[in-house]
Amino acid sequence: MNDNNIDQRLNELQEQERTLLKKMNVAIRAGANPTVMGQFEFMLQECRFAQQELKMLKGSSGDSGFDNFLSIG
């Protein structure tokens with residue numbers, strides 16, 4: 001994956017996370033069953049895990065092995 005595809009997928013996952021949070025808030029206010037809330041939490045965790053994987057993939061796609069270090073001096 002190139003950086004543009006990773007950025008696009010990351011944006012899609014962030015939008016999906018926002019949508020899930022909105023739906024969870026509505027479900028909480030409506031008094032949803034705890035099982036339903038558990039499913040929402042599972043989907044939210046999966047979304048966040050996928051975001052974390054993409055961020056790690058994006059961070060490791062650099063050409064140099066020293067991209068993660070701060071040069072002082």
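## Exercises on a predicted two-helix model

In this predicted model, K58 forms a salt bridge with D7, and their closest N and O atoms lie 2.6 Å apart.

**Exercise 1.** Determine which helices the pair K58 and D7 links, and state how K58 and D7 are classed by accessibility.

*Solution.*
- Step 1: K58 belongs to helix α2 and D7 to helix α1; with their positions 51 residues apart, the pair links distant parts of the chain.
- Step 2: The relative accessibility of K58 is 35%, so K58 counts as partly exposed.
- Step 3: D7 has a relative accessible area of 27% and is likewise partly exposed.

**Exercise 2.** Establish how helix α1 is oriented with respect to helix α2.

*Solution.*
- Step 1: Helix α1 spans residues 3–29 and helix α2 residues 34–59; the two pack at an angle of about 160°, and their axes are 9 Å apart.
- Step 2: Angles over 145 degrees count as roughly antiparallel, and α1 is therefore roughly antiparallel to α2.
- Step 3: The crossing in which α1 passes α2 is left-handed.
- Step 4: Sorted by class, the contact of α1 with α2 has 16 nonpolar, 3 polar and 9 charged residues.

**Exercise 3.** Identify the residues of the largest nonpolar core and the helix that gives the most to this core.

*Solution.*
- Step 1: The largest nonpolar core comprises 11 residues: I6, L10, L13, L20, M24, A27, M37, F40, L44, C47 and L54.
- Step 2: At least two residues of this core come from each of α1 and α2.
- Step 3: The helix that gives the most is α1, with 6 residues.
- Step 4: As general background, nonpolar side chains in soluble globular proteins tend to be buried together.

**Exercise 4.** The structure holds 4 salt bridges. Describe the one between E17 and R48, then the one between E12 and R9.

*Solution.*
- Step 1: The closest N and O atoms of E17 and R48 are 2.7 Å apart.
- Step 2: This pair also links distant parts of the chain, with E17 in helix α1 and R48 in helix α2, 31 residues apart.
- Step 3: Buried means under 20% relative accessible area; E17, at 15%, therefore counts as buried. R48, at 42%, counts as partly exposed.
- Step 4: The side chains of E12 and R9 meet in a salt bridge at 3.5 Å, N to O. Both residues lie in helix α1, 3 residues apart, about one turn of the helix.
- Step 5: E12 is partly exposed at a relative accessible area of 39%, and R9 is partly exposed at 35%.

Definitions and conventions: Residues numbered from 1 in each chain as written. Predicted model: local features only at pLDDT ≥ 70, side-chain atom pairs only at ≥ 80, totals over all residues. Heavy atoms only, no water. Axes fitted to C-alpha atoms, helices over the stretch in contact; angles between N-to-C directions. Helix = DSSP H or I, 4+ residues; strand = E, 2+ residues; numbered from the N terminus. Parallel < 35°, antiparallel > 145°, perpendicular 65-115°, else oblique. Left-handed = near helix turned anticlockwise from the far one by under 90°. Nonpolar A, V, L, I, M, F, W, Y, C, P; charged D, E, K, R; others polar. Core = buried A, V, L, I, M, F, W, Y, C linked by side-chain atoms within 4.5 Å. Buried < 20%, exposed > 50% of the residue type's maximum accessible area, 1.4 Å probe, protein only.
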